[in-house]
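Hello,

Here is the structure I promised to pass on to you. Have a look at it first, and then read my notes underneath.

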Amino acid sequence: MITTVKDSFGREISYLRISVTQRCNLNCVYCGKEDCAKKAAELAPVQYFTIAKAFAKCGIKKIRITGGEPLVRNDIAEIVRLIRSIPEIETISLTTNGVYLKQYAKKLKAAGLDSVNVSLDSTDGSTYRHLTGADVLHKVMEGIDESEKAGLSPIKINAVLMKGVNSDGAGELINLAKERKIDVRFIELMPFSSEGENADLMVKGDEILQQFPFLIPVKTEEGTAKYYVAEGFRGRVGLISPVTHKFCNECNRVRLLSDGKVKPCLGYDTAYDIMPYVDDEEKLINEIKSIILKKPAGHNFENKTATHGLNRTGG
């Protein structure tokens with residue numbers, strides 16, 4: 001029997017983010033404080049399926065696969081295929097840096113992936129190389145092209161702007177939404193690295209609106225982003241402002257980490273191990289419900305309550 005589970009603050013939890021690895025083939029400056037190439041515990045595809053199925057029986061309808069970089073796993077299409085077989089899961093999306101997307105887009109679509117988010121903080125080659133530590137911008141753009149051909153939709157670009165680093169390239173990123181049916185979303189810098197802890201680097205969502213006054217807000221019920229359109233644009237511009245405009249009262253998500261722990265809130269290090277229950281569905285479901293009830297009212301970024309990098313939590 002499927003029951004919608006609410007946390008202790010009355011929020012319906014219907015969205016699960018699944019981190020399938022801590023590894024990443026890039027080393028973005030704002031992402032974290034840890035070695036992104038280090039191999040850590042990773043569950044097998046069938047374990048993700050078992051856990052996702054239990055979450056589905058608790059009311060989860062949407063799943064996003066994250067990392068680290070999920071495409072460093074050569075069994076990523078199998079993970080998607082297994083999760084797609086769960087009837088209660090309505091949508092499956094994936095967040096990637098796009099480097100391997102060209103070779104995986106068609107396979108992922110065939111496995112049942114609906115949409116893809118690509119992390120892209122600059123369209124300038126040298127700036128991109130500075131931010132990520134790799135000269136692979138061309139591969140990312142090819143991956144976006146291949147995702148369109150494969151029929152993944154929507155395609156969204158996630159960008160984090162930092163003043164004096166890549167903020168002057170915001171207009172070029174916005175042009176992607178003008179020229180292509182792509183949503184470009186600007187996410188405020190969060191305190192998961194030394195750069196993230198420097199508030200002077202953060203470009204606030206309100207500052208982007210001031211810089212591009214032609215953006216017109218549109219009403220939508222699509223999660224945490226506020227979307228904007230402009231005349232002649234094929235896509236949209238989105239603003240995600242977790243620091244300056246907390247949306248915790250509307251949060252409907254929890255996170256499964258790659259080692260089998262569940263993290264109720266991105267803003268805290270607290271995580272609960274569910275692997276002792278994975279072979280008993282009833283106990284697993286009860287544990288999931290118990291963890292959801294422990295979800296805090298909101299993040300506490302300003303007091304540095306989260307110390308792990310985004311490669312461990314999936315953002």
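Below is what I found, going from the whole protein down to single residues.

Please keep in mind that this is a predicted model.

Overall build

The protein contains 9 helices and 12 strands. Its C-alpha trace spans about 50 × 40 × 40 Å along the principal axes. For 315 residues, a compact globule would have a radius of gyration near 20 Å, and the protein has 19 Å, which agrees. Of the 315 residues, 53% count as buried. Among the contacts with a separation of 6 or more, 72% are between residues 24 or more positions apart.

As for the surface, its accessible area comes to about 13800 Å², and carbon and sulfur atoms make up 48% of that. The protein has 44 positive and 41 negative charges, and the mean positions of the two sets are 3 Å apart.

The sheet

You will probably want to look at the sheet next. It is an open one made of 12 strands, with mixed pairing, and the order is E7-E8-E9-E6-E5-E4-E3-E2-E1-E10-E11-E12. Strand E7 (216–218) and strand E12 (272–273) stand at the edges; each has a single partner strand, so one side of each is left without a neighbour in the sheet.

For a look at one pair inside the sheet, try strand E4 (residues 115–119) and strand E5 (residues 155–159): they run parallel and are joined by 4 bridges. One place to start is Val116, whose bridge partner in E5 is Ile155.

Two loop residues

Which residues does Asn252 touch beyond its neighbours within four places in sequence? They are Glu12, Ile13, Ser14 and Tyr15. Asn252 sits in the loop between strand E9 (237–240) and strand E10 (253–256). Along the chain, Asn252 and Ile13 are 239 residues apart, yet 4.4 Å separates their C-alpha atoms. Asn252 has a relative accessibility of 24%, so it counts as partly exposed; the cut-off for buried is under 20%.

And is Ala199 buried or exposed? With a relative accessible area of 58%, Ala199 is exposed. This residue belongs to the loop between strand E6 (183–187) and helix H7 (205–211). The C-alpha atoms of Ala199 and Leu189 are separated by 8.3 Å, and the two residues are 10 apart along the chain.

Happy to go through any of this with you whenever it suits.

Best wishes

Note on methods. Residues numbered from 1 in each chain as written. Predicted model: local features only at pLDDT ≥ 70, side-chain atom pairs only at ≥ 80, totals over all residues. Heavy atoms only, no water. Pairing = 2+ DSSP bridges. Rg over C-alpha atoms; globule rule 2.2 N^0.38 Å. Buried < 20%, exposed > 50% of the residue type's maximum accessible area, 1.4 Å probe, protein only. Contact = heavy atoms within 4.5 Å. Areas by Shrake-Rupley, 256 points an atom, 1.4 Å probe, with all protein chains shown as cover. Lys, Arg positive; Asp, Glu negative; His and termini not counted. Charge placed at Lys NZ, Arg CZ, Asp CG, Glu CD.
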